[in-house]
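Please look over the sequence and the model below before reading the briefing. The points that follow are grouped by topic and can be checked against the structure one at a time.

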Amino acid sequence: MLCRRPCPGVFLRLFATSCRRSSLHPSQPHLPRATALPTLPVAKKVPFNASAHGRSWSDPYHWMRDTSDPDLAALLAAENAYADAFVGSAGGGGLRARLAAEMRARLPASAATPPQPWGPWLYYQYVPEGKEYPVLSRKLRPSSGLVGTLLDYLSGSEKEQVLLDWNEVAEKNGYVHIGTCRISPDHRFLAYTVDTSGGELFSLEVKDLLSELVIFSPPDKGIVSLAWAGSSESLFYTVCDETLRPNQVFCKKLQSDDAGFLVFTEKDANCCVDITSTKDFKYITVFVIESDNLREGLWPIRNRVDKVQYFLEHHNGFFYILTNAPVNDTEMTTEGYYLARCRAEKSLVDRWQIVTLPAPDCTIQDMDIFHDNLVLYLQKNGTPLFCSINMPIDVDVQEPKELDDLNPWFFPIPSELCSIVAGSNNDFMSSTYRLVVSSPVIPDLTVDYDLRKKTFTILHQEEVTTLSANLGSLGFQSNASSIQQNLHLVENSQSWSDLSKLFSCQRTEVISHDGVLIPLVILYSREAHCHGESPGILYGYGAYGEDLDKSWCSERLSLLSRGWVLAFADVRGGGDLSWHLAGTKANKINSIQDFAACGMHLIKEGFVHQNRLCAIGCSAGGLLVGAVINMRPDLFSAAVLKVPFLDICNTILDPTLPLTVLDYEEFGDPNIPAEFEAISSYSPYDNLAHGVCYPPVLVTASFNDTRVGVWEAAKWVAKVRDITCTSCSQSVILKTNMQSGHFGEGGRFMHCDETAFEYAFLMKALGLDDIAMP
């Protein structure tokens, strides 16, 4: 394949070393001069033995679990100094700053979401010029006609009301993470949860939007979900126990001076409790509670069954239930959810009618409900679909209907690979549904779909300041050809910008170890990519049923324009229910093998040079990448493990640690010998190999992280330095944020700086840090 410019290989520098890895990966980084780097940190060892199921093992870094130990603080400070010097030397000392400047230059000075109507108000968020965080605001909806406009002006109703400014909270406390925001149905109050330490111990504040004063802030920490009663007089909220498991529901009557009173306690340590209100605010779902009639108590919808889930909405006297419960007492389906309903009467909630079952090639993922429409989120052959159905549905339905029999309108969406996220869509009476559409080559689009007229309007697209002149135009189409005749629109009457002329984005399938096909999305620059020579990154997660994020990210352009390939592996453990279960417990090895297969595919097919493939995994994705590095230390030439879950054996054996018992469902119960053996077989920390050459790895951690303890990263790095190749391990570095938690700082400019650090490390690790931006 001809390249318009030299391939990266001509700029490679050799790393002179006698270790075996240098012959396999000639593009190893050169270390800065000894005088330029601080002394390589060495962690102390304290004898400690752990045991389970008749076997024991030594863990000399167990002492790091005590985060108050001054030796840990000193070690992390030394590691940070070493990491800063290591990455700071990349590109002659200025690469990280140049990358950060590139990324910041692509961000608009300010940004805003299109206002979304709800009742008499227009709600929206914006990031002020030069600020890190958003501001939540609202304005009254404008009146129609000339007279109405004049009255609006005279009354000052066009004035913006700031409801919550993240920047003010951050400036006051040094850190901010807003968990949940809920406007009351009468638009009088704002309830929100805020974390100012990074430990995710959220506090609750309720603000009176008339007086703009906080009127309720209970002393409880660890508040997670919120739900308003329909009268706006009561607020329900959940509180966590000492392991961060939401286990109690409280209710606060705003007109009372009394504290919130306990409504429900979840006693099963394997379950957590979540609450939400139905769209019309008539019910709170824990089991089910009439939101303004607590005397009726809780209504259980069905008896609890392992792995069975229920999502409930209310419409016109019916509960609509999205569930994977067994149909007619048959075995539980793992292929997704179906839609059922029952009368919203306490004595009738166990009498279900199935409205529609999913088609063999289509799964129902979620639903939303309005006065006149039901919206379903579907997936068909890995492609997201949305459709609306007119409400109410025929009340005489006795047998499940095919989805097409309900006359759905499928939303027109781009035919390319897309990430689609629903907007807030709070207004039950609305006939408009908002989506944010994105893909690796489509900057975020905000689109409103008119459910009555069956048309759509593109409201906004994220600005990419340095590329606006190069954007192409992309038409839309419906992905459901069977109802194409029902689309009341003119094909290509609207279009939006994309980068497909500049960047190739393709989806393929890779054969894993057991013959299962693994979806892989591959992104690269049409101009800068060099077949068989380009460097690349493989991203993976594969846990908790979460989809790997493939939405638009302007930061990636700094790599794409330098010829890098970015690939996203949808390994088992993520995705829908069946795909998730295929990567849990004893099946976790599938996730690991899937990821390795995708990496080998990128090399075999010439997308990436065999000595220039990198990997990035975050949190549980760090476990995935760490396990593959142990299994195939020669596969990746560098990796970034972000707040990684690496010491799974020791962590999951301690039920007092946050979230540990809840993780039994995902990784296995260590009290069961077979499940513990499965966990120990892939644990990244426990399977490090003596004397083996490991690739350069950047490991990031957060000191206040309650999901993945800071010691997980610190222990892994210390053990790598202790037992693996002493030459290679000098390029394994640890960077700890001493102020933040699991989700990092969160600000848009700070995120650019963090990403620039990661990219600079990878470029240095491959010896490509002197290649300039084209």
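This briefing goes from the whole protein to its cores, one sheet, one pocket and one residue.

The model is predicted, and the protein in it has 774 residues, of which 55% count as buried. Along the chain there are 14 helices and 40 strands.

**The protein as a whole**
- Among contacts in the protein with a separation of 6 or more, 60% are accounted for by residues 24 or more positions apart.
- The protein exposes about 32300 Å², and carbon and sulfur atoms supply 51% of that area.

**Nonpolar cores**
- In soluble globular proteins, nonpolar side chains tend to be buried together.
- The largest nonpolar core here has 70 residues, and those with the most contacts inside it are Met-64, Leu-520, Leu-538, Phe-595, Leu-602, Phe-636 and Trp-716.
- Helix α13, which covers residues 710-723, gives the most to this core, with nine residues.
- Apart from the largest core lies another one, of 66 residues, which includes Tyr-82, Leu-451, Leu-557 and Leu-766.
- Leaving aside residues up to four places away in sequence, Leu-520 touches a set of residues that includes Val-510, Leu-538, Phe-568, Cys-598 and Leu-602.

**A sheet of four strands**
- Strands of a sheet pair through backbone hydrogen bonds, either parallel or antiparallel.
- One open sheet has four strands in the order β23-β24-β25-β26, and their pairing is antiparallel.
- Its edge strands are β23 (362-369) and β26 (409-410), each of which pairs on one side only.
- Strand β24 (residues 373-380) and strand β25 (residues 383-390) run antiparallel and are joined by eight bridges, and Gln-379 stands opposite Pro-384 in β25.

**The second largest pocket**
- The second largest pocket holds about 400 Å³ of space, and 20 residues line it, with Val-169, Asn-173, Tyr-192, Val-194 and Glu-205 lying nearest its centre.
- The elements that give two or more residues to this lining are β7 (161-165), α5 (166-173), β9 (189-195) and β10 (203-208).

**The surroundings of Trp-118**
- Trp-118 has its place in strand β4, residues 116-118.
- Trp-118 counts as buried because its relative accessible area is 9%, and buried means under 20%.
- Not counting residues up to four places away in sequence, Trp-118 touches Tyr-123, Ile-183, Ser-184, His-187, Phe-281, Asn-426 and Asp-427.
- Trp-118 and Ser-424 are 306 residues apart in sequence, while in space they are 9.8 Å apart, C-alpha to C-alpha.

Terms used. Residues numbered from 1 in each chain as written. Predicted model: local features only at pLDDT ≥ 70, side-chain atom pairs only at ≥ 80, totals over all residues. Heavy atoms only, no water. Pairing = 2+ DSSP bridges. Buried < 20%, exposed > 50% of the residue type's maximum accessible area, 1.4 Å probe, protein only. Contact = heavy atoms within 4.5 Å. Areas by Shrake-Rupley, 256 points an atom, 1.4 Å probe, with all protein chains shown as cover. Core = buried A, V, L, I, M, F, W, Y, C linked by side-chain atoms within 4.5 Å. 1 Å grid on protein atoms, 1.4 Å probe; cavity = no way out; pocket = protein on both sides within 12 Å on 5 of 7 lines; lining within 4 Å. Points joined across faces, edges and corners; volume = space filled by probe spheres on them.
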